[in-house]
Amino acid sequence: MQIKNGKDFWAGLMFVGAGLSFMLVSLNYPMGSAVRMGPAYFPTVLGGMLAVLGAMVFFRAFVSKFEHPLKVFPFRPLLLVASIVVGGATYFYFAESQLKGAPMLQMLQFALTGLALILFIGAFGPRAMFLILLAVVIFGYALKPLGLVLAIVILIVLSAAGGHDFRKKEIVILSIVLVLFGVFVFVKGLGLPFNLWPGE
Amino acid sequence: MEFDLIHNLGIGFGVALSLQNLMYCFIGVLLGTLVGVLPGIGPLATIAMLLPITFNLSPISALIMLAGIYYGAQYGGSTTAILVNLPGESSSVITCLDGYQMARQGRAGPALAIAAMASFFAGCVATVIIALFAPPLAEVALKFGPAEYFSLMVLGLVGATVLAAGSLVKAIAMTILGLLLGVVGTDVNSGIARFSFGLSELSDGINFVVVAMGLFGFAEIIINLEQGANREVFVNKVTGLMPTWKDLKSSSGAILRGTALGSMLGILPGGGALLSSFAAYTLEKKIGDTSNFGKGEIRGVAAPEAANNAGAQTSFIPLLTLGIPSNPVMALMIGAMMIQGIAPGPQVMTERPELFWGMITSMWIGNLLLVILNLPLIGMWVKLLTVPYRLLYPAILLFCCVGVYSLSNQPFDVMLTALFGLLGYVFVKLECEPAPLILGFILGPLMEENLRRAMLLSRGDATVFFTKPISGVLLGIAILLLLITLAPAVRKTREVAFQE
């Protein structure tokens, strides 16, 4: 048996995986009956349907008349494994531990979760995607502690680094223009509740 | 009945012509044209971006502005298609074929003028069609029980999957994945937070804007950067806007046919501007003298432009009467209505007539504004095209991030959007169309709720969906649609149609 259509192969696996995961998690909720459906009913049925459809797509990959290589996009399995290990360990350790209040531990949990997330994003796709999504995530978490101005600069510089030609002068000008736009339109004009500088 | 119509339109104009609403209509169509001109950012991302900002507006102003963005984008898209052979909007892909050829022959002016006229005419007709057909449809919908609603949603989802590009099985799987993602969050009946993994941020469910922005906004930027799209812009000088008498004569029929076809296809679930323009062009190519198509035939501009505008507008009918979105943009409009505390559905027309009719008449006004706005401003729009993408995408990214962050003022939503961006990239690479997923996501909770109620009322008898007449007919149509799509002959044309 040879995989002819790499896209169908991965898509099938993805659907089967998603369907089974939804069914598995639904086991934690009451099923109910057809008359009085519990919270697990709808997702279990749909998860099953998704898994079946995914299996169809998966097996079609072997008989497809369209040919696509198995390598559809850049994929780094080692990073994915590392992400799952770090993320899973953090999730279960902190779910069990009763020391939630301690600030040091909270910081540690935050940092480890962030690391798992960054590893996860890095496991898929081209360099541009990693930088863009990293820029977005950092913007989200930097907005409150660092303020709008610095967050915008970080977002612009990081995301511009994901492009093909990075021109320093242009990026500086773009950052200034967008910071001014952000301050005057978002904060002054639309009244969005952002602080401009750290610790305000 | 006719008196009613005039009376209702009177209410509508009263609302839409107020200074404030006129201004928001203007902002909407201006923004719409802007994003229509700029490739790489569509109406969907724009509306998603602006959603949080509409919190502070009155409901009617918010809806008028958001609607303006959608049909304004159809106008803007055609401008770039004709002048630089770049579809600013996916629905103007087809306009490139003959529009750009006309521009190369030095007839960019007439092409733009005909496109604007066709759009305006289609917009006017579609407005009247909405005004005529929405009220009776809403009346029928008021009689709907949970079984009927459930079947209607099944039909809507089937329609969307049938019309999605690519493999049918994958499209159905994507719809179901969307339904499942829609279920995340607290279950209304039992109060159990499902699939939230103990995260309090997920107990209210995933915000729709997060999904839409990630799958469409972020993913598109990533794909554009990966392909390293080089956009070279050659701008032809636009001289003489007026079409000749011969142009007008040959395109008038095309405009009429395009409008009729677009109005019909817009109502269909999964329909809208994109499908309408493709269908209209295909139809035109089968009628009369076809030797000139692809070489600057004016009918090849007129018909799809009329059709995409008509389709964009009539796709509001299912939304306004049934509360069911027919495409992702309409799904966002539902989101906008819910933010304003309006439950979309047939009751909107009777309970909030000023909202319903105000929005419809604003579409007519918006179309007029677009004609006045677009033709003189063409030079400015074209200049915008010379802004390189490497400067554009960080700005787009910033607007997206601010929009998402404002949803709850928490970084969690931004992080989740990034993950959906990753998912969107994977979907594109695996040829899984994300549009059905979005529809499923919006309909997921509604569908579950109606299914539960219908089953409770029928005491667990699932045949109720077939034995109730309206529900049975709706499900019958859905099954028929699926069977037709699976028929070998249709399958073949479908493959061809999506390859063109």
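Helices here are DSSP runs of H or I, at least four residues long, and are numbered from the N terminus. By that assignment, B:Trp381 belongs to helix H16 of chain B, which covers residues 353-385. The model is predicted.

B:Trp381 is buried, because 21 other C-beta atoms lie within 10 Å and the cut-off is 20 or more. Beyond its neighbours within four places in sequence, B:Trp381 is in contact with four residues: B:Thr33, B:Val37, B:Gly76 and B:Thr79. B:Gly358 lies 23 residues from B:Trp381 in sequence. In space, the C-alpha atoms of B:Gly358 and B:Trp381 are 29 Å apart.

Chain B as a whole contains 22 helices and two strands. Its C-alpha trace spans about 70 × 55 × 50 Å along the principal axes. The radius of gyration of chain B is 22 Å. A compact globule of 500 residues would have a value near 23 Å, so the two agree. Of the 500 residues of chain B, 61% count as buried. Contacts within chain B often link distant parts of the sequence. Among those between residues at least 6 apart, 80% join residues at least 24 apart.

Helix H9 of chain B was examined in more detail. H9(B) comprises 20 residues, 208-227. At 1.5 Å a residue, H9(B) should span 28 Å. Its end C-alpha atoms are 28 Å apart, which agrees with that expectation. H9(B) nevertheless bends, by about 35 degrees, at B:Gly214. Of its 20 residues, 16 are buried, so H9(B) is largely enclosed by the rest of the structure. A second glycine, B:Gly228, follows just after H9(B) and takes a positive phi of about 60 degrees.

The two chains meet at an interface. On one side, 58 residues of chain A take part; they are in contact with 53 residues of chain B. Five helices of chain A each give two or more residues to the side that touches chain B. These are H1 (6-26), H2 (41-63), H5 (127-146), H6 (148-161) and H7 (168-189). By residue class, the side of chain A that touches chain B divides into 44 nonpolar, 10 polar and four charged residues.

Conventions: Residues numbered from 1 in each chain as written. Chains lettered and ligands numbered in written order. Predicted model: local features only at pLDDT ≥ 70, side-chain atom pairs only at ≥ 80, totals over all residues. Contact = placed C-beta atoms within 7 Å. Nonpolar A, V, L, I, M, F, W, Y, C, P; charged D, E, K, R; others polar. Expected span 1.5 Å × (residues − 1). Bend = angle between axes of the 7 residues up to and from the residue. Buried ≥ 20, exposed ≤ 12 C-beta atoms within 10 Å, placed from the backbone. Rg over C-alpha atoms; globule rule 2.2 N^0.38 Å.
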